[in-house]
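Load the model in your viewer and keep the selection panel open. The stops below go from a single loop residue out to the whole chain and then back to the ligand and other local sites.

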Amino acid sequence: MGHGLVHALAKDHAHTYDVLALDIKEIAAELRPHCLATIAGDILDRHLLERLVSEYEIHAIFHLAALLSTRSEFTPETAHEVNVTGTLNLLKLAVEQARWHGKPVKFLFPSSIAVYGIASLDEKRRAGRVSEAQFLMPTTMYGCNKLYCEHLGRYFAHHYRQLAEDFVPTRVGVDFRSIRFPGLISAFTLPSGGTSDYLPEMLHAAAQGVAYDCFVREDTRIPFMAMPDAIDALLALMDAPAEKLSTHVYNIGAFAPSAREFAELVRGAFPKSEVRFAPDMRRQAIVDSWPEDCADEVAKRDWGFHPKYDLKRAFSEYLLPNVRERYAH
Ligand code: AKB
């Protein structure tokens, strides 16, 4: 998502924002021309963040760093550090920046469908498209982190240090905006450490002519989105006038195929591909606790969210041409 976002910012927002890119590893060379500065550093490094506060005037933060759901189950404490303490550090940076330059700092926080926890498959089928206030009983460390950070963002936006002498409710300074992303599928990057990774893994394996054992059942269904729509959604929410936003956290969706339906598309595009189903019951349980789909009417009403790609278009116009190109050589 970081790659696509830097490109999109350079394309559509170059006249408004300079980009300061911070990542745990060196920023890719092809991104550097689009950035005012690039830093290889850790959001847990408070000294680094203090340095950024003094060296740069920051008006918007896209906080994309996170350990995803499967990876977090192997190192829950580390996940908590990165996903929660990392977020807390950046929210504090936003407050300090707002204090310093006197304007609210927009804080874009990618949350996830992992905040949901539905107790059984029957209930999941009955629930269908869930809305933002339902089933907030996450079953993973990652889901707990994301839900807590949604609350942290709301706290920093309205209540931070509310007992301090100089507390003024309307001038805390953090303009917190969050999207609960479904599974994301990119033609250019393979996800790592997520539990929704089975669809992008299936596609990229088939494009390389490699057999793929899908770790969920064929009837598994959760919402997904093509990466360009996810990036457009982040930018659309950032650009939305604050007075139009009725809440801080939004569901969005695009398509929700079963694993079987997607496998049929993959087999149709790559007839020699071998897609098998070999469910991992513990990862299956995580995906079964996530909704079949999400109701996104509030996002449509408040900031005009609308995905460009339904499943058919995502496959034929974005995924296939680009993965074919990527693995052609
Ligand atoms: C994951 O699988 O952990 C993520 C997510 C759904 O947020 N892709």
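In which loop is His248 found? Select His248: the loop between α8 and β10 holds this residue. Helices here are DSSP runs of H or I with at least four residues, strands are runs of E with at least two, and both are numbered from the N terminus.

Two notes apply to the whole tour. This is a predicted model, in which local features need pLDDT of at least 70 and side-chain atom pairs count only at pLDDT 80 or more, while totals for chains, interfaces and linings use all residues. Residues are numbered from 1 along each chain as its sequence is written, and side-chain values use heavy atoms, with hydrogens and water left out.

**His248 and its loop**

With a relative accessibility of 17%, His248 counts as buried. Buried means under 20% relative accessible area, exposed means over 50%, and partly exposed is in between (1.4 Å probe, protein chains only). Now add His158 to the selection: its side chain makes a polar contact with that of His248, at 2.7 Å. A polar contact is a pair of N or O atoms within 3.5 Å; within protein, one must be able to donate a hydrogen and the other to accept it, and residues adjacent in sequence count only if both atoms are side-chain atoms. Leaving aside neighbours within four places in sequence, His248 is in contact (heavy atoms within 4.5 Å) with Arg154, Ala157, His158, Phe176, Arg177 and Ser178.

Move to Glu243, in the loop between α8 (227-239) and β10 (249-251). Glu243 is exposed, with a relative accessible area of 69%. A C-alpha to C-alpha distance from Glu243 to Leu91 should read 21 Å, for two residues 152 apart in sequence.

**The whole chain**

Zoom out. The protein has 12 helices and 12 strands. Its radius of gyration is 20 Å, close to the 20 Å from the globule rule for 329 residues, so the protein is as compact as a globular protein of that length. The radius is taken over C-alpha atoms, and the rule is 2.2 Å times the number of residues to the power 0.38. The C-alpha trace spans about 65 × 45 × 40 Å along its principal axes. Of the 329 residues, 51% count as buried. Among contacts between residues at least 6 apart in sequence, 78% join residues at least 24 apart.

**The ligand**

Which residues are around the ligand? Select Leu68, Ser69, Ser112, Ile113, Tyr142, Gly194, Thr195, Ser196 and Trp290. A residue is near a molecule if one of its heavy atoms lies within 4 Å of it. This shell divides into four nonpolar, five polar and no charged residues. Ala, Val, Leu, Ile, Met, Phe, Trp, Tyr, Cys and Pro count as nonpolar, Asp, Glu, Lys and Arg as charged, and the others, Gly among them, as polar.

Three distances can be drawn here. An N or O atom in the side chain of Ser69 is 2.6 Å from an oxygen atom of the ligand. A polar side-chain atom of Tyr142 lies 2.7 Å from a ligand oxygen atom. For Ser196, an N or O atom of the side chain is 2.9 Å from a nitrogen atom of the ligand. Taken alone the ligand exposes 250 Å², and the protein buries 91% of that. Accessible areas come from the Shrake-Rupley method with a 1.4 Å probe; for residues, only the protein chains shown count as cover.

**Helices α4 and α7**

Select Gly86, in helix α4 (residues 76-101). At 0% relative accessibility, Gly86 counts as buried. Not counting residues up to four places away in sequence, Gly86 touches Ile43, Leu44, His63 and Glu81. The C-alpha atoms of Gly86 and Leu44 are 5.4 Å apart, with their positions 42 residues apart along the chain.

Next, select residues 198-207, which form helix α7; nine of its 10 residues are buried. Among them are Tyr198, Pro200 and His204. Gly209 follows α7 and has a positive phi, near 75°.

**Loops on either side of α6**

Thr140 sits in the loop between β5 (129-130) and α6 (141-158) and counts as buried, at 2% relative accessibility. Phe135 is in the loop between β5 and α6, with a positive phi near 50°, and is partly exposed at 22%. Most residues other than glycine have a negative phi. End at Arg161, in the loop between α6 and β6 (174-181): its phi is positive too, near 55°.
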